[in-house]
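Reader: I would like to go through this model with you, one question at a time. Please show the structure, and then we can begin.

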Amino acid sequence: MLNNVRKKLTVFASALTLGVSAALAVTPAAAQETFTWKVQSHWPGASSSYKDSLGRLKEQLEERSDGRLKLQLFEAGSLFKAQETFNAVSRGILEMGTISPSYASDKMTLAGIASGLPFAFRNVWEAAYFHQALGFEEMLREEAAQHGVYWATDKVYPTEMVVKEPIESLEDFKSLKIRSSGALQKFLTEAGAAASYIPGGELYTALDSGIVDGAHWGAAQGAYSMALYEIAKYHVQPALNIAGTDVIIVSQKAMDKLPADLQQLVKDVLQEQFWYRTNEYLYKERITLAKAIAEEGVEVNTLPQDVQDHLVQVGQAMWDEEGKRSDKAAEALSMLKSFLSDLGYL
């Protein structure tokens, strides 16, 4: 009998030891701190990139961090005006945001080049190579770091206009009232059109009411997701520019509060995002434009050659102005021109 009691006590002790060990083994993971970041987007909730870019980023970070890092998403204008997002992230009021580089042009001397110099690249792969292989992305990151911001280009893609009436001559182009932003707003104005900035949430109404005759909001996906094809039936090509027009910015203060493994995860996911979204965007551009043509009666309006020649001339004059903003801007512009020369474009 005594022996049976001893055996039971031994089994119980072993089980208790295993239980304590198991508890100790899971305690560190269970006790790991979780983080929730507020993310202010410059995209309205209806924009394709709000779901495809921000939605994907949220999913990837939350899943791969096992829920330790969560993103709370806010569409354009919910917390701050789009042009105020960079400052909010820089000061650590917001942990993350999305912007167009032009919204940070008062802080970033490379913003104009990042927004896309008009009629520079002819293919998306060229812009991607310039950013990632030639070092432009790193230059942007170094300049943003001076303001406490970690900079990550979301994707590179073409910016193409939609208009209510086809552009068949230079006179037609110069009579346009176009919704634009950043460097392209200045470019279109200098080329003779009347370009003005209108927030995304007001764009449909402005186009419908005749305040503007056309707009650029990305390219086909942007126009389709914002229902612009309901009003503007002409999709204009070639692209005004091909660039990293959407950027994800992270507060360095917020980044520094993360443990090392989560910091690395954020950087890895953002790097992957660039390639994933660039390629996905190209694919979706093709099928979206085809759908708009088939279902919405959209027509592709290829600019007449004299209009293209005029835009190239105006665009190249603007390049040099951007290069004067700082030594870094001059270096980036020199690198760009050398690359375009190698490609046979200059």
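Reader: Which residue follows α9 with a positive phi, and what is the value near which that phi lies?

Author: The model is a predicted one, and the angle is computed from its atoms. Helix α9 spans residues 200-209. The residue that follows α9 is Gly-210, whose phi is positive, near 90°.

Reader: Which residues of helix α9 are buried, and how wide an arc do they cover around the axis?

Author: The buried residues of α9 are Gly-200, Leu-203, Ala-206 and Leu-207. They lie on the same side of α9, because the arc that they cover around the axis is only 95°.

Reader: What general property of an α-helix bears on such an arrangement, and which residues are exposed on the other side of α9?

Author: An α-helix has 3.6 residues a turn, so residues three or four places apart point the same way. On the other side of α9, the exposed residues are Gly-201, Thr-205 and Ser-209.

Reader: Against which strands do the buried residues of α9 pack?

Author: The residues concerned are Gly-200, Leu-203, Ala-206 and Leu-207. Their packing partners are β6 (177-179) and β8 (214-216).

Reader: Is Lys-155 buried or exposed, and what is its relative accessibility?

Author: Lys-155 is found in strand β4, which comprises residues 149-159. Since buried means under 20% relative accessible area, Lys-155 counts as buried, its relative accessibility being 0%.

Reader: Which side chains make polar contacts with the side chain of Lys-155?

Author: One polar contact, of 2.7 Å, is made with the side chain of Asp-154. Another, of 2.9 Å, joins the side chain of Lys-155 to that of Asp-246. Leaving out residues up to four places away in sequence, Lys-155 also touches a set that includes Trp-43, Phe-274, Arg-277 and Tyr-281. The polar partners asked for are therefore, by side chain, Asp-154 and Asp-246.

Reader: Which backbone oxygen does the side chain of Ser-251 reach, and at what distance?

Author: Ser-251 lies in strand β10, residues 241-251, and is buried, with a relative accessible area of 0%. Apart from neighbours within four places in sequence, Ser-251 is in contact with Val-89, Gly-92, Leu-94, Glu-95 and Gly-148. The side chain of Ser-251 reaches the backbone oxygen of Val-89 at 3.5 Å.

Reader: Turning to the whole chain, what percentage of its residues is buried?

Author: The secondary structure of the chain comes to 14 helices and 11 strands. Among contacts with a separation of 6 or more, 77% are between residues 24 or more positions apart. Of the 346 residues in the chain, the buried ones make up 51%.

Key. Residues numbered from 1 in each chain as written. Predicted model: local features only at pLDDT ≥ 70, side-chain atom pairs only at ≥ 80, totals over all residues. Heavy atoms only, no water. Helix = DSSP H or I, 4+ residues; strand = E, 2+ residues; numbered from the N terminus. Buried < 20%, exposed > 50% of the residue type's maximum accessible area, 1.4 Å probe, protein only. Contact = heavy atoms within 4.5 Å. Arc of directions from axis to C-beta. Polar contact = N/O pair within 3.5 Å; in protein donor to acceptor, adjacent residues only side chain to side chain.
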